[in-house]
Amino acid sequence: MQTDYDFIVIGSGFGGSVSALRLAEKGYRVAIFEQGRRWTPANLPKTNWSLSRWMWRPALGLRGFFSMRFFKHVVVLHGNAVGGGSITYANTLLVPPDKVWREGSWAGLNDWERVMPRHFATARRMLGVTTNRRLDAADFRLKEMAQAAGVAHTYYPTEVGVFFGKDSDAPGTTYADPFFGGEGPARTSCHGCGGCMVGCRHGAKNSLDQNYLYLAEKKGAQLFAETRVTDVRPLPSRADGADGYAVETLSLAGPTRGQRRRFTCRGIVFAASSLGTQELLFRLKEKGALPRISDALGNQVRTNAESIIGIRFPGSKVDLSKGIAIGSGIYIDEYTHIEATRYPEGSDAMGLMSTVMTLGRPGWSRPFTWLATLAKMMLTKPLTTLRLLTPFGFARETMIFLCMQTLDGHLTMRLKRRWFWPFSKQLTTHGKKIPTFIPAANDFAVKAAKATGGVPMTSLTEILLDVPTTAHCMGGAAIGRTRADGVCDGKNRVFGYYNMYICDGSMLGANLGVNPSLTITALTEHAMSHVPPAGQQQWDATGIEMAA
């Protein structure tokens, strides 16, 4: 059967880019659909005050690459671009502890601890993972704090996807492709501007458009930017997709804006991020396009038990914005991991989301405790408090702490109408409330601030909405033993359909406790390793058996 493409990949992040390259290498005709823009040094925002080029909120005319989604239980930060979250993520690429493979919905499906190391090794090589060599003021200060807390032995420079060049050369030196034998783009070594999360303008960050995606396009994969997939359904001849799929798209920008197109393919990869894949699959299941999708969709959504707090040093002469986005980390106990995070000088917009840390119990009374704390500070330290509440100078003066825990906990997501917007269904969270903050992390911040002359900070949403903030939404279409346990199997193949895969954060079956990008990359390498070369493909035999 002749189709437009052999495989269509929805999304170009850490799962989509890996899938596209490996499938193209195996001789398949590949198309990638990405609703975000293609970014270059010329069009990246200089600071995150350039909201139209930083924030993603198309209804308001904001077509950047950073998105915030507000749910009842959590605020989710995520990326949206050609290259997915790699454009705005903080470069940190960590291997999770072995115990995660023995937990959650994927436990026992494979000898993961034996199988996965080689895929992690491939992912590390492709993403250019190395130990941070641009430690700066915030990293040195975190080390001092760790010593004061008695956990100095846990301090480490992060493993990151950044090109540092040769020690003998000055930062900012340009080199011919140093990673792929001349097949990749030229690179410029990092000079520690701190701009990773606003998009690297210098060619030092190993974002996916510099490796997997770059090579995939070079091998013939065709990428459609600013294009949203609106429908996926099996071709009429086989309801299980063995004869292929029809995919409908909507152009979001340019002269073709509003144009709808239809493409056909033999196989499909959902890689639109945890939220994007869940929402699309919910809509497709509900309208009958993919009715066989497991009812486990939306279950076991995890957040890395995460909290974003920090310490600000109002009026400090020390520039805490220099270095790389996440340069170092510590473990304050066996479950709790803290990373020192930063934005570049001038990128102070996140200061609008921060306020003075408030202890006490979470719940309806906490805003009143916050107001009392703020009033006391205004009376005792009025100038410091005013400076603290002013966003300008935030990046230079603040150590942001990204706090994660390996303790498991999860939410459920469903597609429902919200009471305040009954006109259409939206992705919503359900289940038991997850912790608003991490007490151990807050205690560390309070003590560290006292020891170093700073003021502990927390997220405004934590105070006013009584919900945590996470940059790592995972699960919802997880790997499981059967369709009762998950949406896809141990090779990422969707239960109920042939030649359909899920390769993004939604597939993760346990709480990682570390930044998930490297794990998503490695698991996608594992999944694609089981797809036969194009010349050996038997489209009606490579999918999983229909699960009960």
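Biologist: In what order do the 7 strands of the open sheet stand, and what is the sense of their pairing?

Modeller: In this predicted model, the order is β8-β17-β18-β20-β16-β23-β19, and the pairing is antiparallel.

Biologist: What makes β8 and β19 the edge strands of this sheet?

Modeller: An edge strand here pairs on one side only, and this holds for both β8 (156-157) and β19 (354-356).

Biologist: How do you know that strand β16 and strand β20 are paired?

Modeller: Two strands count as paired if there are at least two bridges between them. Strand β16 (residues 307-312) and strand β20 (residues 398-405) are joined by 6 bridges and run antiparallel, therefore they satisfy the criterion. Within this pairing, arginine 312 stands opposite threonine 398 in β20.

Biologist: Which helix packs on the sheet and touches β16, β17, β18, β20 and β23?

Modeller: That is helix α10 (residues 439-452), whose direction makes about 5° with that of β16. The cut-off for roughly parallel is an angle under 35 degrees, so the direction of α10 counts as roughly parallel to that of β16.

Biologist: Why is α7 called oblique to α8?

Modeller: Two packed helices are described by the angle between their axes and the distance between the axes. The axes of helix α7 (residues 366-380) and helix α8 (residues 382-389) come within 5 Å and cross at roughly 130°. Roughly perpendicular covers 65 to 115 degrees, and roughly antiparallel needs an angle over 145. The crossing angle meets neither condition, nor is it under 35 degrees, so α7 is oblique to α8.

Biologist: Which residues of α7 and α8 meet?

Modeller: Leu374, Met377, Met378, Leu379 and Thr380 in α7 meet Pro382, Thr385, Leu386, Leu388 and Leu389 in α8. By class, this contact has 8 nonpolar, 2 polar and no charged residues.

Biologist: What makes α3 roughly perpendicular to α12?

Modeller: The axes of helix α3 (residues 112-126) and helix α12 (residues 517-528) come within 8 Å and cross at roughly 110°. The range for roughly perpendicular is 65 to 115 degrees, so α3 is roughly perpendicular to α12. Residues in the contact include Trp112, Phe120 and Met126 of α3 and Leu518, Leu523 and His526 of α12. The residues of the contact divide into 9 nonpolar, 5 polar and 2 charged.

Biologist: Which element gives the most to the lining of the second largest pocket?

Modeller: Helix α7 gives the most, with 4 residues. The second largest pocket has a volume of about 420 Å³. Its lining comprises 18 residues, of which Met377, Lys381, Gly454, Val455 and Pro456 lie nearest its centre. The elements that give two or more residues to this lining are α7, α10 and β23. By class, the lining has 9 nonpolar, 6 polar and 3 charged residues.

Biologist: How many cavities of 30 Å³ or more does the structure hold?

Modeller: The structure holds 1 such cavity. About 90 Å³ of space lies in the largest cavity. Of the 13 residues that line the largest cavity, Cys190, Cys193, Cys196, Cys200 and Ala204 are the closest to its centre.

Biologist: How do you know that β5 and β6 are paired?

Modeller: The criterion is at least two bridges. β5 and strand β6 (residues 75-79) pair in the antiparallel sense over 5 bridges, so the criterion is met. Serine 67 stands opposite histidine 78 in β6. These strands belong to an open sheet in the order β5-β6-β24, in which the pairing is mixed.

Methods: Residues numbered from 1 in each chain as written. Predicted model: local features only at pLDDT ≥ 70, side-chain atom pairs only at ≥ 80, totals over all residues. Heavy atoms only, no water. Axes fitted to C-alpha atoms, helices over the stretch in contact; angles between N-to-C directions. Contact = heavy atoms within 4.5 Å. Nonpolar A, V, L, I, M, F, W, Y, C, P; charged D, E, K, R; others polar. 1 Å grid on protein atoms, 1.4 Å probe; cavity = no way out; pocket = protein on both sides within 12 Å on 5 of 7 lines; lining within 4 Å. Points joined across faces, edges and corners; volume = space filled by probe spheres on them.
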